[in-house]
Amino acid sequence: MQKQGILGESIMQLIKIVFIALAALLGLAALFSAAAALAVFLLASRRRAGQDALPLDQDIYGPFLPEMERSAAWFAAQGPEAVSIVSADGLRLAAQVLPCENAVGTILLMHGYRATGVRDFSCVLRFYHENGYHIVLPDERACGASEGKYITFGVREREDCRLWAEYATGRFGTALPLFLSGISMGAATVLMATALPLPENVRGVIADCGFTSPMAIIGSVARQVLGSCPAFVLRLSSAFSGLFGGWRYDACSAVDAMRRNKSIPVFFAHGEKDDFVPPAMTRENYAACAAEKELFLAPEAGHGLSYLVERERCEAALLAFLRRHGAPEGA
């Protein structure tokens, strides 16, 4: 009987040790997951001191850099006006505005992730201006000349876009059509902005290589960089964005906005050799869109390069879209 008691106590002690070890392993796993989620949030969203724009990949953009520099110099030589507005959460947001004599409309251009307005749209600015469009070119929050601590992947930027649309309407009047254009994160931003109350003169959206949702693109890029990114880490990262930034990655999506958009025409574009934002994301946004829509695919273009690689075909398609939906009132 005594031996049986000792054996029972030994088994109980072993079970306790196993449970303690399992609890420690689970605690370490939870701690590692939390640390990984926090790292994803900070690396993806926090503004980097001294670096307002990611350096351009020479292998991808090298052939186009001279033209981008010439185009940016052209824009600067036109003397664009520096303006600013205040965001809903109190940030000073900066933009450059280039009015056009005898304008037929206004283009509001929202740039991509860790970029600036002039850099992302340098080569298309002259095209729009010479075809009769006022240009409103913001630097998005936490980028360029705008204030902000966090990039929010379109969650807060869509609200900023609405305020810039109101600014453009107030500046140039309601009679002129207003188009919202975006590239990469800016494309997702303008798509998601359609779910907000916009000025009535918004006649269309141009979305080049936009993603489906903040959660989807962060997960996609994390998997590209790290090889894997479990869904629960993304959910934790979204929780950290809510805790520290006051917004969440899962707060909105371009797909949901497109399902709700029944009145604003959308021009979707994507380079089919894009290895950053999968072309399938634009196809998903396009399929979800309930309004009039068209899809422009550039078979040989990488990320954000549809216009540069297939300029002639892209310009013809853009002008057709603008003219079809943007005749000024009374014209």
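## Arg156 and its surroundings

In this predicted model, Arg156 lies in the loop that runs between strand β4 (133–138) and helix α5. Arg156 has a relative accessible area of 18%, and because the cut-off for a buried residue is under 20%, Arg156 counts as buried. Once its neighbours within four places in sequence are left aside, the residues in contact with Arg156 are Asp89, Arg141, Gly245, Gly246 and Trp247.

## Helices α5 and α6

Helix α5 (residues 157–172) packs against helix α6 (residues 185–193), their axes being 8 Å apart and set at an angle of about 70°. That angle makes α5 roughly perpendicular to α6. On the α5 side the residues that meet the partner helix are Glu157, Arg158 and Cys161, and on the α6 side they are Met185, Thr189, Val190, Met192 and Ala193. Cys161, one of the α5 residues in this packing, is buried, with a relative accessible area of 0%.

## The loop at Glu101

Glu101 is placed in the loop between strands β2 (92–98) and β3 (105–110). With a relative accessible area of 71%, Glu101 is exposed, whereas Arg156, in the loop between β4 and α5, is buried at 18%. Glu101 and Gly132 are 31 residues apart along the chain, and their C-alpha atoms are separated by 7.4 Å.

## Helix α12

Helix α12 comprises the 15 residues 311–325, and at 1.5 Å a residue it should span 21 Å; its end C-alpha atoms are 21 Å apart, so the span in the model agrees with the expected one. The buried residues of α12 are Cys314, Ala317, Leu318, Leu319, Phe321, Leu322 and His325. An α-helix has 3.6 residues a turn, so residues three or four places apart point the same way. Among the buried positions of α12 are Cys314, Ala317, Phe321 and His325.

## Cysteines

A search of the whole structure for disulfides finds 0. Two cysteines can be described individually: Cys143 counts as buried, at 1% relative accessibility, and Cys161 is likewise buried, at 0%. Cys314, in helix α12, is also buried.

## The protein as a whole

The protein has 12 helices and 8 strands, and buried residues make up 52% of its 331 residues. Of the contacts with a separation of 6 or more, 76% are between residues 24 or more positions apart. The protein exposes about 15,300 Å², of which carbon and sulfur atoms supply 59%.

How values were computed
Residues numbered from 1 in each chain as written. Predicted model: local features only at pLDDT ≥ 70, side-chain atom pairs only at ≥ 80, totals over all residues. Heavy atoms only, no water. Disulfide = S-S within 2.5 Å. Buried < 20%, exposed > 50% of the residue type's maximum accessible area, 1.4 Å probe, protein only. Helix = DSSP H or I, 4+ residues; strand = E, 2+ residues; numbered from the N terminus. Contact = heavy atoms within 4.5 Å. Areas by Shrake-Rupley, 256 points an atom, 1.4 Å probe, with all protein chains shown as cover. Expected span 1.5 Å × (residues − 1). Axes fitted to C-alpha atoms, helices over the stretch in contact; angles between N-to-C directions. Parallel < 35°, antiparallel > 145°, perpendicular 65-115°, else oblique.
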